[in-house]
Amino acid sequence: MAAASTHFKRARLVAEGVRHVVPARRMRVHHVSKRLFGDPAFDIVLDSIGGRSIQDGLRALRPGGRVVSLGIGKVSNRGILGAIAFFLGAPRLTYLDLLGPSRGLYGVNLSRLMADTGLVRTTLETLIQWASAGEIHPAPGRVMPLSEAGEAHRILEARGNVGKIVLRV
């Protein structure tokens with residue numbers, strides 16, 4: 001199952017073979033999980049939103065499952081007051097909240113991981129092997145001339161991109 005914010009991205013996920021694709025806006029993963037698969041249904045939930053969606057993801061996990069937090073997307077474009085409100089509204093979890101239902105929460109900070117050049121090299125080599133073997137099918141993002149930087153920014157703001165946008169100098 002996957003969620004995406006635009007029709008374009010949802011169509012892309014379907015084309016990639018994802019069987020259940022839902023709109024990301026106002027999506028509650030544990031409600032979708034219950035409706036589609038029974039309650040709870042997932043071993044792993046990848047969360048790039050943060051805040052209350054972490055708790056929602058935890059509710060959708062089977063025992064032994066894990067939520068992997070990849071960032072806090074809800075903070076962008078909200079200003080300092082929005083960021084403060086976001087953090088104040090985020091769930092406060094203790095280890096007992098995770099221990100009882102046998103669920104885990106992992107945080108991933110890519111900027112910290114990228115500082116480990118050995119890890120980056122090993123990861124990239126593995127991804128290249130998988131791509132060469134046809135196990136994954138990475139889709140390139142867009143390459144645009146620097147003169148179209150404004151258009152690239154509009155595409156990003158409208159969430160019309162899949163992957164990165166690279167500006168060619």
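Start with the whole chain in cartoon view: the protein has eight helices and seven strands. Helices here are DSSP runs of H or I with at least four residues, strands are runs of E with at least two, and both are numbered from the N terminus. What you have open is a predicted model, where local features need pLDDT of at least 70 and side-chain atom pairs count only at pLDDT 80 or more, while totals for chains, interfaces and linings use all residues. Residues are numbered from 1 along each chain as its sequence is written, and side-chain values use heavy atoms, with hydrogens and water left out.

Zoom out for a moment. The C-alpha atoms fill a box of roughly 55 × 45 × 35 Å along the principal axes. Of the 169 residues, 24% count as buried. Buried means under 20% relative accessible area, exposed means over 50%, and partly exposed is in between (1.4 Å probe, protein chains only).

**Stop 1: the salt bridges**

The structure holds six salt bridges, each one a side-chain nitrogen of Lys or Arg within 4 Å of a carboxyl oxygen of Asp or Glu. Side chains of opposite charge can pair when their charged atoms come close.

Select Arg28, Asp56 and Arg59, which are linked in a network of salt bridges. Arg28 and Asp56 meet at 3.5 Å, N to O. Arg28 sits in the loop between strand 2 (21-23) and helix 2 (29-37) and Asp56 in helix 3 (residues 52-59), so this pair ties together parts that are 28 residues apart in sequence. Now show the other contact, where Asp56 and Arg59 meet at 4.0 Å, N to O. Those two are both in helix 3, three residues apart, or about one turn of the helix.

Is Asp56 buried or exposed? Asp56 counts as buried, at 4% relative accessibility. Its partners are partly exposed: Arg28 has a relative accessible area of 40%, and Arg59 comes in at 37%.

Next, pick Arg121 and Glu125, another salt bridge, with the closest N and O atoms 3.2 Å apart. They are four residues apart in helix 7, so about one helical turn separates them. Arg121 is exposed at 58%, whereas Glu125 is partly exposed at 39%.

**Stop 2: a pocket**

Stay with helix 7 and select Leu110, Leu113, Met114, Leu119, Val120, Thr123 and Leu124, which line the second largest pocket. Helix 6 (110-114) and helix 7 (117-132) are the elements that give two or more residues to this lining, and helix 7 has the largest share, with four. The volume is about 210 Å³.

A pocket is an open set of points on a 1 Å grid over the protein atoms alone, where a 1.4 Å probe fits, with protein on both sides within 12 Å along at least five of seven lines; lining residues have an atom within 4 Å of a point. Volume is the space filled by probe spheres set on the points, which are joined across faces, edges and corners.

**Stop 3: a surface patch**

Switch to surface view and color Ile80, Leu81, Ile84 and Leu88, a nonpolar patch with about 470 Å² of accessible area together. Nonpolar patches join Val, Leu, Ile, Met, Phe, Trp or Tyr side chains within 5 Å, using residues with over 30% relative accessible area and no salt bridge. Areas come from the Shrake-Rupley method with a 1.4 Å probe, and for residues only the protein chains shown count as cover. Leu81 belongs to helix 4 (residues 79-89) and is exposed, at 68% relative accessibility.

Conventions. Patches are made of residues with over 30% relative accessible area and no salt bridge: like charges are joined within 9 Å, nonpolar side chains (Val, Leu, Ile, Met, Phe, Trp, Tyr) within 5 Å.
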